[in-house]
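Please load the coordinates in a viewer and keep the selection panel open. The tour below proceeds stop by stop, each with a selection to make and a description of what is found there.

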Amino acid sequence: MPIGMTLMKFILEEQRKFPNASGNFTGLISDLAIAAKVISREVNKAGLINILGATGYSNVQGEEVQKLDEYANTVIVGSMEHGDYLSAMASEEMEGIYAVPERYPKGNYLLVFDPLDGSSNIDVNISIGTIFSVLRKKERGKKVTVEDFLQPGTEQVCAGYILYGSSTILVYTSGYGVHGFTLDPSVGEFILSHENIRIPDKGTIFSINEGNSRYWYDGTKNYIKMLKSRTTISARYVGSLVADFHRNLIKGGIFLYPKDRRAKNGKLRLLYEANPLSLIVEQAGGAATTGEKRVLKIVPKELHQRVPLIIGNKRDVIEAERYWQESLTAVV
Ligand code: AHM
Ligand code: MG
């Protein structure tokens, strides 16, 4: 039986359309896909090898780090530092940037990632994911610094995620549509399963943590109240951003983690979570906003910056933004 279009064949074919391409990008995605397979394997057997459970100390966000997060971080750094495509990496699990060590060849790309998003779901067998984004270092030759990473999301060369769910799927865009590849564990390859994903125009799903409703500003309150008056609406909230996002991308829907009276800047991180998913959703015909501005337009001030996120099919996101703006005068 033919194996189908593998991720690497697909990327090589894409690359052929650009005769001047260096091939570095192909190497980057290839090594990332290997890291994803290793993480997928460990996620699947997590309960068996006693890798579950908290380490007992906190990451830079002040949240408890679980062993599998650290493991995923180590796997990605270890898989990517040898190549000749990166200058440095930044991860949700590392306080500062990680410059590629002197002993390895360097390239001009920067990798930004959340190694294992939705980590509160690890020990209860619920889907989790890896999110990544690739930037280009603007000034060649100069020593890499944090400032190199502080680029608006519109500058991303590529963005994607790997969802470790009932199957493992890698979804990515490099600015020419959004494509999904499902891992066939029998041959160990990601196979093209979702070519040119388009988010449905109309969504029937909303995803928000209603436990925070007592902190919501009026924009969120009024919008959710209006949504609930619709006869066709369903609430779905996994609490793993990648899983919630992927479902809404395929089925049509809106995910909200707005700012509220407690989380003044929302909860999610601009570089590791909001920017990559915003590029993907826009490439699939959807939209992403903070409520006040397009996410991809924000110029980051720091690596671990948080941002309110309203993301999904365009019609619903525009409507949510309108509700938010109408109430803006009440928001301080
Ligand atoms: P994490 O990166 O520490 O896993 O946190 C991010 C996660 C997202 O996956 C998810 O959308 C959100 O936190 C859920 O937060 P809450 O539990 O506050 O609803
Ligand atoms: Mg995360």
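Select Asp 117 together with ligand 1: a polar side-chain atom of this residue lies 2.7 Å from an oxygen atom of the ligand. Please bear in mind throughout that the model is predicted.

**Stop 1: polar contacts of ligand 1**

Keep ligand 1 on display and add Lys 267, which places a polar side-chain atom 2.8 Å from an oxygen atom of the ligand. Next add Ser 119; here a backbone N or O atom is involved, at 3.1 Å from an oxygen atom of ligand 1. With these three residues shown, turn on the surface of the ligand: ligand 1 taken alone exposes 470 Å², and the protein buries 85% of that.

**Stop 2: the shell around ligand 1**

Colour the model by secondary structure. Two elements, β5 (109-117) and β13 (254-257), give two or more residues to the shell around ligand 1. Then expand the selection to the 16 residues around the ligand, of which Gly 118, Asn 209, Tyr 237, Leu 241 and Tyr 257 come nearest. How do the residues of this shell divide into nonpolar, polar and charged? Five are nonpolar, five are polar and six are charged. Recolour by domain to see the origin of the shell: domain 1 (7-194) and domain 2 (205-330) each supply at least three residues.

**Stop 3: the magnesium ion**

Select ligand 2, the magnesium ion, and show its protein donors: Glu 92 (OE), Asp 114 (OD), Asp 117 (OD) and Glu 273 (OE), which lie 1.9 to 2.8 Å from the ion. Along the sequence, these donor residues follow the spacing E-x21-D-x2-D-x155-E. Glu 92 belongs to the loop between β3 (86-91) and β4 (98-99), whereas Glu 273 belongs to helix α6 (residues 270-283), so the pair ties together parts that are 181 residues apart in sequence. Are these two glutamates, Glu 92 and Glu 273, buried or exposed? Both are buried.

**Stop 4: back to Asp 117**

Return to Asp 117, which has now appeared both as a polar contact of ligand 1 and as a donor of the magnesium ion. Asp 117 is part of strand β5. Its relative accessibility is 7%, so Asp 117 counts as buried, the cut-off being under 20%. Draw a distance from its C-alpha atom to that of Val 242: the two residues are 125 residues apart along the chain, and their C-alpha atoms are separated by 7.1 Å.

**Stop 5: the loop between β10 and β11**

Select Thr 204, in the loop between β10 (189-194) and β11 (205-207). Thr 204 is partly exposed, with 36% relative accessibility. Its C-alpha atom is 8.6 Å from that of Ala 235, a residue 31 positions away along the chain. In the loop between β10 and β11, also select Asn 196. Asn 196 has a phi near 50°, a positive value in a residue other than glycine. Most residues other than glycine have a negative phi. Asn 196 is partly exposed, at a relative accessible area of 43%.

**Stop 6: Asn 125**

Finish in the loop between β5 and β6 (128-136), where Asn 125 is found. Asn 125 is not a glycine, yet its phi is positive, at about 60°. With 76% relative accessibility, Asn 125 counts as exposed.

Note on methods:
Residues numbered from 1 in each chain as written. Chains lettered and ligands numbered in written order. Predicted model: local features only at pLDDT ≥ 70, side-chain atom pairs only at ≥ 80, totals over all residues. Heavy atoms only, no water. Near = heavy atom within 4 Å. Polar contact = N/O pair within 3.5 Å; in protein donor to acceptor, adjacent residues only side chain to side chain. Areas by Shrake-Rupley, 256 points an atom, 1.4 Å probe, with all protein chains shown as cover. Helix = DSSP H or I, 4+ residues; strand = E, 2+ residues; numbered from the N terminus. Nonpolar A, V, L, I, M, F, W, Y, C, P; charged D, E, K, R; others polar. Domains from an automatic or database assignment. Donors = N, O, S within 2.8 Å, 3.2 Å for Na, K, Ca; no water. Buried < 20%, exposed > 50% of the residue type's maximum accessible area, 1.4 Å probe, protein only.
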